[in-house]
Every structure is written in structure tokens, then in C-alpha cells.
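Got the viewer open? Let's take a walk through this one together, one selection at a time.

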Amino acid sequence: MVSVPRLVIAAPASNSGKTTVATGLMAAFTGRGLAVSPHKVGPDYIDPGYHALATGRPGRNLDAYMCGPELIAPLFAHGSAGADLAVVEGVMGLYDGASGQGELASTAQVSKLLRAPVVLVVDASSQSRSVAALVHGFASWDPEVRIGGVILNKVASDRHEALLRDALEETGLPVLGALRRAPQVVTPSRHLGLVPVAERQTEAVDAVRAMAERVRAGCDLDALLALARSAPALPDEVWEPEQHSVEGVRPVVAVAGGAAFTFAYAEHAELLTAAGADVVVFDPLRDEKLPTGTAGLVIGGGFPEMYAPELSANEPLRRAVTELALSGAPVAAECAGLLYLARELDGRPMCGVLDASARMSERLTLGYRQAVAVSDSVLAAAGTRLRGHEFHRTVLEPGAGATPAWGMHQPERRVEGFVQQGVHASYLHTHWAASPGVARRFVEHCRA
């Protein structure tokens, strides 16, 4: 059985302070000498970067839409192996999930799949006694969701805290913490959310330290740890990338990293390695050559629009990427990678592998997608169905090549992306743990 103590940090709504509390708890418990396993509900890439900074372990996602509910507990068991405690940060409001699909992919669903107690973080800045009605409603909405306590955030004063605690006595739920307003802990945001750790390493370290200090000062860590230890054991079912390993020549797969390409799921590199590849990370902002012996290239998501001048100025690497793609080598590009392979981004020359132009837009494209592979590619055979996620404020014209990558079935029917020679480029983010054959197929093409 998997018996890692665990907590889910949830809230009634976004912007209540989940990230501050979850990251602060991770750092505070790590500071106590515990091995803390960090997790994030949903497809978010940015929060796990702060989680990793707080714990020294990879931040991992638990997405019941992209991976399926059946993989949530096994992925959790894989990520939390050897940990003394796991902290799972929720997404949006506790009961918010995939649009129009009930509880699917919600924090509530994940808490039930993990049989984990929930700590509700409440923004108390504009209420007093009403907080009891709010908490009671969330605690009673789904009897299968076990809310084990409340952390009050943005509390104005000692008197305000006393009023809130007095009101919550009627709910029977313990107050496990009360945090005052602290602007110095706020992390900067921009068009797609928080600024990633890789872009502000020193400031991020300071922010995580401040979060930990805030949590230590305002929360009952002993009570929270006791609550985590009350979680029952889970079935001994662990997701393991080794199950998909392949013997043979180990091709080098170069994976883009650095400040411009920060979006990646930890399981992708694990799957590529298990499939027989040597994974080497490089930084397109700094490195002028691809890693020695590169047989395949993976360029994930990130913020190339913030670094377009620097990416464009690195002509030697752009030429190397173009030459690799034109040679027919496997290239998998998601979102930011798609933009990098385009002819230009906001007027700045990019690699020119794709005959398309990208620009920033006022419109946010966001949501889960159902997709089917339109044709055979280095990632999937034609007809392969999977689920993914789009998250960008850019527009690519045209949005699809002569041979598109995906046919979308949600929310509208359309084709999207590019398949040409060994290139597969698309806006769609996917989680390969749900389809391990993707990594295996890619490495087989690299080996060939």
C-alpha cells in the first residue's frame, strides 16, 4: 500500500492564496527536514517551478482530464516515492473542473482519488461571520470530499482574526492558520500567470523564503502534519516509465530549456530516457550549437515572445535547428516550440522551418482539447486520439500546414498544427504519461 501522508490545498476560488500557502507549506516542512513531494492539480507549468524550488524535488502535475482519473493515484505514487509528506496544490475553486464535464479534473475529484484531506484557503479580506456560511457550504457540498480544516488568508488584524475564528467554531472545522496581508510575498504576473522561476531565480528564492516564513508564523504545522498523516493508504499501484523501456542504441534527444522554454512535465524526460534515449537539456538563449550527436529535438512550451530578440539574435543555433529539421530528424514542438520553428515572431526572424508567422494577440486561448492525429508523424499514428490543453496569447498564420498535426473535436471542429518530414509542431500541450507510446515512437524514429 502507498501510505505517504498528504494534504490537498484548495480554495473557494482563484486568487485566494493557494500558491502562497501550498508553496509556503512545502518550504516550511522541507525546512523541518522532511522530504516533501510537490504536486499541482491541472495542466499548470508555472506553479510546479516554485514547488520544486521549495522542496528540491520535481514539481509534478495531476491532471485527470489529460491523463484520466485512473492514472492520478499511480502518478502520485510515482512522484511521492520516498517522501515523508506530499502537498498537492489545487486549481481554481475546489469544485471547478473541465468546462461542462462535472467534477472531471477538479481539485475535489483529485482529492477523492487520492483519499486526501483538504485544507481550504479562504480569502477573508472582505468578510467576518459570513466566512462560516462559505466554509459550511463547501464542506457539505460533496460528502466524499473531506475538508479537514481552514487557513484564513489576507486577515486584516487581530480583531478580524478573532471574529473569523469565532464564526468558524459553528462549522466544527478547525482553523489551522491565519495569515496577514503581506505584499512582499506577492510574485509578479503577466499575460499567462506568474513569472516562471527560471526567469527570476534570485527573486523567486526570496519569494519562496518569505512564503515559508509567513506560513511558519501563521499556521499550526504540527496540526497540519497530523491531518496529513490521517490520510488512509492507497492501493499499491505505481506508474513507472521503466515499463516502457526499449533496449538498443541510445540516441541523443536534445530538450530545449532555459528561461524561454520552461514548460515541461517531468514524466516526459523520464519516458524518453526509459524508451532508450539520452536526454540532454540545452538553452536556446545561450547555446549556439545543439548538443553533440543530437538525433532528435523536443521544444516544449514557454515564453519565446518575451525573448524574441535574444532568440532571433542567436543565428548559429537557429541555423542548426533548421538544418536538423530539414535533414528529416524527429522534431517535436509544442506551443512555444511551434513559434520558434516559425518564420518570424512579432517581426523577429525565427528558425523558418515552418512557413508561418506568429504574433502576440489580445485574446487568450485557453482550455482542454480533444484531438485526433490527422496523419502519421514521429509522435503518433494517424487516428491516434488523445487529450491536451491550449494556453497562449499568440496567433499563428496560417494555423495549420498542408498536413495538419491534429484534428480538434472540442470546443469546435478544426485542424491545427504542422507535420512535415520529421517535424510535428502544434499549439497543443499533451501529457505523455497518458500515452507512453508517444515517447517510445519518437525515440524509435530518432534511433532510425
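**First stop: a hidden serine**

Select Ser106: with a relative accessible area of 0%, this residue is buried. You'll find Ser106 in the loop that runs between β4 (85–89) and α4 (107–114). Which residues touch it, leaving aside neighbours within four places in sequence? Show Val41, Leu94, Tyr95, Asp96 and Gly97, since those are the contacts of Ser106. Keep in mind as you click around that this is a predicted model.

**Zoom out: the whole chain**

Now display everything as a cartoon. The chain has 13 helices and 22 strands. Its C-alpha trace spans about 70 × 45 × 45 Å along the principal axes. The radius of gyration is 22 Å, which agrees with the value near 22 Å that a compact globule of 448 residues would have. Colour by burial and 59% of the 448 residues come out as buried. What remains open adds up to about 17400 Å² of exposed area, and carbon and sulfur atoms supply 50% of that. How far apart in sequence are the contact partners? Of the contacts between residues at least 6 apart, 76% join residues at least 24 apart.

**Next: a six-stranded sheet**

Select the strands β11, β10, β12, β13, β21 and β20; in that order they make an open sheet with mixed pairing. At the edges sit β11 (278–282) and β20 (418–420), each of which pairs on one side only. Going from one strand to the next, the twist averages 15°. Add helix α11 (residues 315–326), which packs on the sheet and touches β11, β12, β13 and β21 (423–426). The direction of α11 makes about 110° with that of β12.

**Closer in: strand β13**

Keep β13 (residues 331–334) on screen and bring in β12 (residues 294–299): the two run parallel and are joined by three bridges. Leu297 has Val331 as its bridge partner, while Ile299 is partnered with Ala333. Turn to β21, and there are four bridges to β13, again in a parallel run. Here Glu334 is bridged to Ser426.

Is β13 covered on one face or both? Both: Val331 and Ala333 are buried on one side, Ala332 and Glu334 on the other.

**A helix with two sides**

Select α8 (residues 221–229), where Leu221, Leu224, Leu225, Leu227 and Ala228 are buried. They lie on the same side of α8, because they cover an arc of only 155° around the axis. Now rotate to the face turned away from that buried side, and you'll meet the exposed residues Asp222 and Arg229.

**Last stops: backbone oddities**

Most residues other than glycine have a negative phi, and most peptide bonds are trans. The next three picks go against that.

- Cys335: phi is near 55°, a positive value in a residue other than glycine. Cys335 sits in the loop between β13 and α12 (336–341) and is buried, at 5% relative accessible area.
- Gln421: phi is positive here too, about 50°, although Gln421 is not a glycine. Look for Gln421 in the loop between β20 and β21; with 57% relative accessibility, Gln421 counts as exposed.
- Pro398: the peptide bond from Glu397 to Pro398 is cis, with omega near -5°. Pro398 belongs to the loop between β17 (385–397) and β18 (406–408).

Technical notes: Residues numbered from 1 in each chain as written. Predicted model: local features only at pLDDT ≥ 70, side-chain atom pairs only at ≥ 80, totals over all residues. Heavy atoms only, no water. Pairing = 2+ DSSP bridges. Axes fitted to C-alpha atoms, helices over the stretch in contact; angles between N-to-C directions. Contact = heavy atoms within 4.5 Å. Rg over C-alpha atoms; globule rule 2.2 N^0.38 Å. Buried < 20%, exposed > 50% of the residue type's maximum accessible area, 1.4 Å probe, protein only. Areas by Shrake-Rupley, 256 points an atom, 1.4 Å probe, with all protein chains shown as cover. Arc of directions from axis to C-beta.
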